[in-house]
Amino acid sequence: PLPVKCPAKNICLSALAAVGLLVGPGIATAEETASHDPGRFRAGLGFTLVEPANDNGRLFGQGRIEAGSSKRPTVFFSYHWRPQLALEVMLGYPIKHSLSRSRTGSLATMRQFPAALTAQYHFTNRSRFTPFIGLGVGYIKPFDVFPRNVLRERDLDFGSDVGVTVQAGDDYRVTDRHAVRLDARYFNTSLDETLDGQRIGSLSFNPVFYSLSYVYSF
């Protein structure tokens with residue numbers, strides 16, 4: 001299997017540390033944040049930058065494989081059954097990535113469909129900013145794989161994967177119903193590779209989703 005090198009983990013740890021600084025003193029009672037009342041649904045539309053791990057391993061034992069970044073919209077829906085506790089579903093528009101190798105250049109392009117189910121804790125407080133963290137399950141489904149150059153006549157494919165996802169972010173409440181969200185979400189996923197029907201290894205995909213979203217509460 002291909003080695004895993006995932007600098008995204010450091011990014012996530014830094015994000016979680018930043019959340020701790022944002023929370024600080026002054027955690028208030030649940031009733032002080034109207035936008036997180038129990039029973040309140042939320043929907044969001046975001047512009048998302050998807051950054052896979054910088055080093056995804058090697059193919060045929062030669063040359064480092066890299067998956068390119070991509071920008072696509074994402075949507076999410078959440079339900080707060082407690083002021084601080086929520087369950088969120090995130091879905092992404094099919095995201096296109098280029099796959100390249102240091103010695104031979106472009107190898108293929110592929111699309112992937114991401115989804116995540118995340119349990120969140122929101123740090124309610126007196127300000128308009130509400131930091132939050134989340135932990136859940138992420139799903140990546142690759143499709144439309146098109147080999148190029150040295151693999152042009154070969155049958156290259158990637159399997160889907162389910163893994164842990166972690167999230168950290170901050171909501172800025174404009175009104176009781178409207179907010180702006182900035183968040184980062186890390187997927188721990190590894191995609192099995194097959195070439196001409198034979199398994200040749202795994203692609204340590206491990207993408208981080210950076211999103212700026214509009215949020216509506218109802």
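In strand β14, Y216 is the bridge partner of A43. This pairing belongs to a predicted model. Strand β1, residues 40-51, and β14 run antiparallel. They are joined by 10 bridges. A second strand also pairs with β14. Between β11 and β14 there are 9 bridges, again in the antiparallel sense. Here Y186 has V208 of β14 as its bridge partner. β14 covers residues 208-217, and β11 covers 178-187.

Aromatic side chains come next. The structure contains 6 aromatic pairs. F41 and F218 make up one of them, and this pair is stacked. The ring centres lie 6.0 Å apart, with 15° between the planes. F41 belongs to β1, while F218 sits in the segment after β14, so the pair ties together parts that are 177 residues apart in sequence. Buried or exposed, or in between: where does F41 fall? F41 is partly exposed, at 41% relative accessibility. F218 also has a computed value, a relative accessible area of 47%, and counts as partly exposed. The two rings are members of an aromatic cluster, formed by F41, Y79, Y216 and F218. Y216 thus appears both in this cluster and as the bridge partner of A43.

Another aromatic pair is formed by Y121 and F123. Their ring centres are 5.0 Å apart and their planes stand at 75°, so the pair is edge-to-face. Planes over 60 degrees apart count as edge-to-face. Y121 is partly exposed, with 34% relative accessibility. F123, by contrast, is buried, at a relative accessible area of 17%. The cut-off for buried is under 20%.

Y121 also has a place in the strand pairing. Its bridge partner in β8 is I133. β7, residues 105-122, and β8, residues 129-147, pair in the antiparallel sense over 14 bridges. A hairpin of 6 residues joins the two strands. β8 has a further partner. With strand β10, residues 161-173, β8 forms 12 bridges, also antiparallel. Opposite L135 stands V166 of β10.

The loop between β7 and β8 holds S127. At 31% relative accessibility, S127 is partly exposed. What does the side chain of S127 contact? A polar contact of 2.5 Å links it to the side chain of N125. A polar atom of the S127 side chain also lies 3.1 Å from the backbone nitrogen of F129. Contacts within the loop region are not the whole account of S127. Its C-alpha is 8.7 Å from that of R173, although 46 residues separate the two in sequence. R173 is the end of the range given for β10, residues 161-173.

The nonpolar core draws on many strands. Nonpolar side chains tend to be buried together in soluble globular proteins. In this model the largest nonpolar core has 24 residues. Those with the most contacts inside it are L156, F158, L191, L203 and F205. Strands that each supply at least two core residues are β3 (62-67), β6 (95-101), β7, β8, β9 (156-158), β11, β12 (190-195) and β14. Which strand gives the most to this core? β7 does, with 4 residues. The pairs β7 with β8 and β11 with β14 are therefore found among strands that supply the core, each with at least two residues. Backbone geometry singles out two residues. D144 has a positive phi of about 50°, although D144 is not a glycine. D144 is found in strand β8. Its relative accessible area is 39%, so D144 counts as partly exposed. N206 likewise has a positive phi, near 45°, and is a residue other than glycine. N206 lies in the loop between β13 (198-204) and β14. Buried or exposed: which describes N206? N206 is buried, with a relative accessible area of 2%.

Methods
Residues are numbered from 1 along each chain as its sequence is written. This is a predicted model: local features need pLDDT of at least 70, side-chain atom pairs count only at pLDDT 80 or more; totals for chains, interfaces and linings use all residues. Side-chain values use heavy atoms; hydrogens and water are left out. A nonpolar core is a set of buried Ala, Val, Leu, Ile, Met, Phe, Trp, Tyr and Cys residues joined through side-chain atoms within 4.5 Å. Buried means under 20% relative accessible area, exposed over 50%, partly exposed in between (1.4 Å probe, protein chains only). Two strands pair if DSSP finds at least two bridges between them. Rings of Phe, Tyr and Trp (its six-membered ring) pair if their centres lie within 6.5 Å; planes under 30 degrees apart count as stacked, over 60 as edge-to-face and the rest as tilted. A polar contact is a pair of N or O atoms within 3.5 Å; within protein, one must be able to donate a hydrogen and the other to accept it, and residues adjacent in sequence count only if both atoms are side-chain atoms.
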